[in-house]
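This briefing concerns a predicted model and how its chains and domains meet. Please read it alongside the sequence and the coordinates.

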Amino acid sequence: MFRTVLGEADIDRALTRIAHEILEANKGSQDLVLLGIPRRGFPLAQRLARKIARTDPAVNPDAMVGRLDVTMFRDDLRKHPTRPPGPTKLPPAGIDDKVVVLVDDVLYSGRTIRAALDAIVDIGRPRVVRLAVLVDRGHRELPIRADHVGKNLPTSSAEKVRVRITEVDSVDEVVIEGPA
Amino acid sequence: MTTTYLIKGATTAAGETGVDVLVADGRIAERGRSLSSAGAVVVDADGLVLLPGMVDIHTHLREPGREDAETVETGTRAAAMGGYTSVHAMANSMPVADTAGVVEQVYALGRRAGWVDVRPVGAVTVGLAGERLAELGAMAQSRAGVRVFSDDGICVSDPVLMRRALEYVKAFDGVVAQHAQEPRLTEGAQMNEGAVSAVLGLAGWPAVAEESIIARDVLLAQHVGSRLHVCHVSTAGSVEIIRWAKQRGVNVTAEVTPHHLLLTDELVRSWNPVYKVNPPLRTNEDVTALREALADGTIDVVGTDHAPHPSEHKECEWAQAAMGMTGLETALSVVQHAMIETGLMDWARFAEATSILPAQIGRVQTQGRPLAAGEMANLTLVDPAARWTVDPHKMATKGRNSPFAGLELPGAVVATFFAGHPTVLEGRLNTPHPDAQGD
Amino acid sequence: MKHLLSTENLSAADAIRILDTAEEMALVGEREVKKLPALRGRTVVNLFFEDSTRTRISFEAAAKRLSADVINFAAKGSSVSKGESLKDTAQTLEAMSADAVVIRHWASGAPARLAASDWIDAAVVNAGDGTHEHPTQALLDAFTLRRHWSQIAGRASLGEDLRGLRIAIVGDVLHSRVARSNLWLLTTLGAEVTLVAPPTLLPVGIADWPCRVSFDLDEVLATGPHAIMMLRVQGERMNAAFFPSAREYARTWGFDDDRLAALEVSAGKDTIIMHPGPMNRGLEISSAAADSPRSTVLAQVRNGVSVRMAVLYLLLSGDDSTQPTPAQEATV
């Protein structure tokens with residue numbers, strides 16, 4: 001049993017809005033770095049960068065985006081089968097004194113973002129760190145909140161939220177799967 | 001008046017069925033059909049094979065000196081459970097059995113235990129040191145009446161010493177049982193040298209180290225006209241040399257262990273020291289050659305080389321582990337599995353290889369005798385159809401180092417009669433011979 | 001993968017996973033904060049029955065960079081003077097809740113024995129056992145080779161194997177755990193290996209090994225191998241008649257200045273010279289060769305930490321269950 005809560009057009013509209021919010025909060029694209037959290041956060045960060053570049057043609061979207069692998073910073077490593085770490089790639093200018101926006105698909109317990117904050121501390125010292133997510137489904141286990149949210153989705157913890165992104169899943173959609 | 005036993009409806013080693021054997025006063029009183037059972041304990045032997053009591057030409061009882069590994073009492077219990085009525089106790093005890101005093105002690109311990117006929121083996125050289133001859137004559141003339149001499153565990157590698165030993169034992173019809181291992185070629189050796197040792201990085205024990213000594217010894221035995229026995233032959237090349245020597249009329253006999261008839265050095269890949277033994281487990285080709293040689297008589301007898309060790313000598317790194325395996329309680333089953341079930345030999349040849357010939361090599365007059373009235377009743381009753389799984393913890397030996405643990409094997413000893421007394425009955429240890437305390 | 005005991009049974013997929021993970025670990029080594037929290041609260045014991053400062057500090061650095069607690073346990077004991085038994089030592093470590101035991105032992109098979117026993121539940125990493133194997137050395141050698149040759153080919157090394165590479169392993173193969181581990185691993189990864197040694201220093205029984213064997217170093221060098229791996233030779237070997245003298249060994253099987261010069265004009269333009277260390281300069285390798293730009297000796301040491309981090313991480317970070325939890329599915 002599942003229902004689609006966001007379609008392709010909804011996702012695109014949400015990302016456009018987030019892109020505008022980021023620019024507005026930062027008062028322009030100055031020092032902006034978008035760090036996507038694999039897997040789906042990274043293509044979302046790339047999309048946001050392209051939307052920002054469309055607003056501000058001075059921006060090179062590729063130079064603005066990085067990917068931040070948080071595997072080895074997770075607090076639940078021992079609860080899962082071993083996961084090999086993936087690559088972390090920072091933009092050429094690094095993240096020191098930048099405004100870093102973490103980008104992920106779903107905000108849930110907040111533990112992934114905590115791991116990402118630890119990972120950032122180990123690789124540099126940004127001026128500000130903000131958080132953008134496509135979906136916030138609640139049920140936070142840590143005092144973490146997103147600065148930019150595509151869609152707030154009140155869910156029960158028995159449900160599963162599936163975010164599918166064309167770059168990874170060949171389709172753009174957000175689906176809620178009910179308990180079986 | 002001692003108990004009499006009527007073994008009823010047995011099959012003999014030669015294949016005759018429905019044979020009754022009446023055992024009384026330590027001897028076979030009568031052999032026939034439908035014998036009267038009046039006053040006798042009847043042992044139903046329908047479907048069972050009645051063999052001459054097994055004789056082991058190669059056993060380590062460890063006493064005196066290593067009672068933590070085995071004692072004469074526990075080792076001979078194990079022997080009885082394995083169907084043996086006589087064992088030759090190797091000389092590498094502490095002190096070494098190189099004097100009349102030590103061999104008489106072991107002999108007396110065997111008599112006192114009463115489970116089997118213990119025949120001590122005398123050391124060839126003092127302290128197994130390979131330097132001076134031990135007092136072979138004194139051991140031969142002692143109450144133990146030693147006829148087999150061996151430095152087993154160590155090779156008599158000095159050719160002059162070996163020659164003298166071979167010559168000297170002729171005076172009392174003795175035999176030198178050689179542990180064929182060229183010492184320089186086997187320094188630090190941990191396993192068979194070959195494809196597996198190359199991968200595992202363990203120092204190898206080349207086949208040539210065994211074969212070169214056997215070749216030398218058969219030539220020496222021929223030259224001085226002596227009797228030679230080769231312990232635990234383990235390679236195809238050794239078989240070839242012994243075959244050649246026998247064809248030339250050399251008075252040589254040879255033995256193979258049950259484990260060398262079944263296991264190969266591939267097992268060393270497990271790094272489990274239970275598979276560490278001297279001579280080492282060899283290759284499939286060697287196993288095949290050894291089986292053929294035992295079947296055609298090139299190898300005369302099966303000797304267990306029963307070598308119990310305390311667990312701490314096996315619960316360690318391979319290189320630090322002791323060499324040796326237990327074997328008394330699995331020999332019959334392993335040989336049945338490797339030789340009889342494969343069609344390579346029958347029970348008649350089995351009786352020859354495990355009883356008649358070892359008794360002759362050791363000059364044990366009362367063992368390995370025909371199933372006939374008047375003979376000493378040393379008998380082993382076997383259920384060839386039984387199947388069992390080897391569990392070292394259920395064995396009578398103190399040693400837990402059986403390489404066959406967990407293996408399902410055929411054949412079970414139902415009863416062992418030692419000098420007319422059932423030391424094993426219904427597959428369970430019974431009582432020692434009632435005359436045990438005497439003498 | 002519960003233990004790393006040998007490369008003989010390591011699959012290509014597992015080997016590449018280790019090498020790829022090591023690439024990520026190598027990046028950590030380049031950062032200002034050279035530390036990851038991945039193994040926080042886990043205990044790694046370096047159990048050394050044989051002295052090897054180099055290997056021990058490499059494992060120690062690897063474990064510490066992953067935030068594990070490290071206990072160094074130098075167990076005295078040799079074939080001559082037996083110390084505490086391996087069993088007792090293992091049970092002691094078990095009682096101390098060791099999560100991984102990195103074991104170096106003079107006896108071939110000791111790590112496998114430890115792993116197969118019920119004395120201890122920890123993951124066992126073979127840090128060199130007798131003349132058997134030294135899997136992390138082979139992995140760091142493969143890592144070094146892969147990096148070097150994919151850089152020259154202009155490719156990223158992630159996911160790559162070693163197909164197309166020709167490697168000569170030269171010297172005392174008989175007594176070398178490094179040679180064995182490298183032979184298995186390099187061939188598993190698709191490389192072609194030639195063993196070059198005096199016949200006395202090759203084991204009996206290698207007819208089925210997946211390699212070529214040569215007694216002529218110059219002939220092999222002339223074919224321009226991608227790498228030449230020199231093995232350490234103990235000078236004392238001549239006392240057991242493995243070769244007549246150190247001088248004859250160096251002249252015939254050593255990588256000397258003449259051979260270095262010959263390489264410059266041969267097909268081996270980019271040939272690298274590898275050595276697991278410690279080197280016997282003047283015996284199996286000349287100083288000029290050891291210090292030449294072709295030498296990867298220091299890169300091997302550096303890569304050793306990354307590879308050992310990868311191994312410890314992959315053995316210790318996960319649990320054994322393969323059941324994904326809802327939280328995992330929602331966040332992956």
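What follows treats the chain contacts, the domains of chain B and two local features.

This is a predicted model, in which local features need pLDDT of at least 70 and side-chain atom pairs count only at pLDDT 80 or more, whereas totals for chains, interfaces and linings use all residues. Residues are numbered from 1 along each chain as its sequence is written, chains are lettered from A and ligands numbered from 1 in the order in which they are written, and side-chain values use heavy atoms, with hydrogens and water left out.

**Contacts between chains**

- Of the two pairs of chains in contact (heavy atoms within 4.5 Å), chains A and C share the most contacts, while no contact joins chain A and chain B, whose closest C-alpha atoms lie 27 Å apart.
- Chain C gives 26 residues to its contact with chain A, which gives 25 residues, and the two bury about 2,500 Å², 55% of it on carbon and sulfur atoms; buried area is the accessible area (1.4 Å probe) that two parts lose on being put together, summed over both.
- Between chain C and chain A there are zero salt bridges (a side-chain nitrogen of Lys or Arg within 4 Å of a carboxyl oxygen of Asp or Glu).

**Domains of chain B**

- The domain assignment, which is automatic or from a database, divides chain B into domain 1 (4–50 + 373–429) and domain 2 (53–361), with 26 Å between their centres, taken over C-alpha atoms.
- Domain 1 of chain B brings 34 residues to the contact and domain 2 of chain B brings 45 residues.
- About 3,000 Å² is buried between domain 1 and domain 2 of chain B, 67% of it on carbon and sulfur atoms, and K398(B), N401(B) and F404(B) supply 22% of the area that domain 1 buries against domain 2, more than any other three residues.
- One salt bridge is found across this interface of domain 1 and domain 2 of chain B.

**Local features**

- In chain B, strands β2 (residues 19–24) and β3 (residues 27–32) run antiparallel and are joined by five bridges; strands (E, at least two residues) and helices (H or I, at least four) are DSSP runs, numbered from the N terminus, and two strands pair if DSSP finds at least two bridges between them.
- L22(B) stands opposite E30(B) in β3(B), and D25(B), in the hairpin with two residues between the strands, takes a positive phi near 50°.
- F42(A) belongs to helix α2 (residues 41–55) of chain A, and its C-alpha atom is separated by 8.9 Å from that of D105(A), 63 residues apart along the chain.
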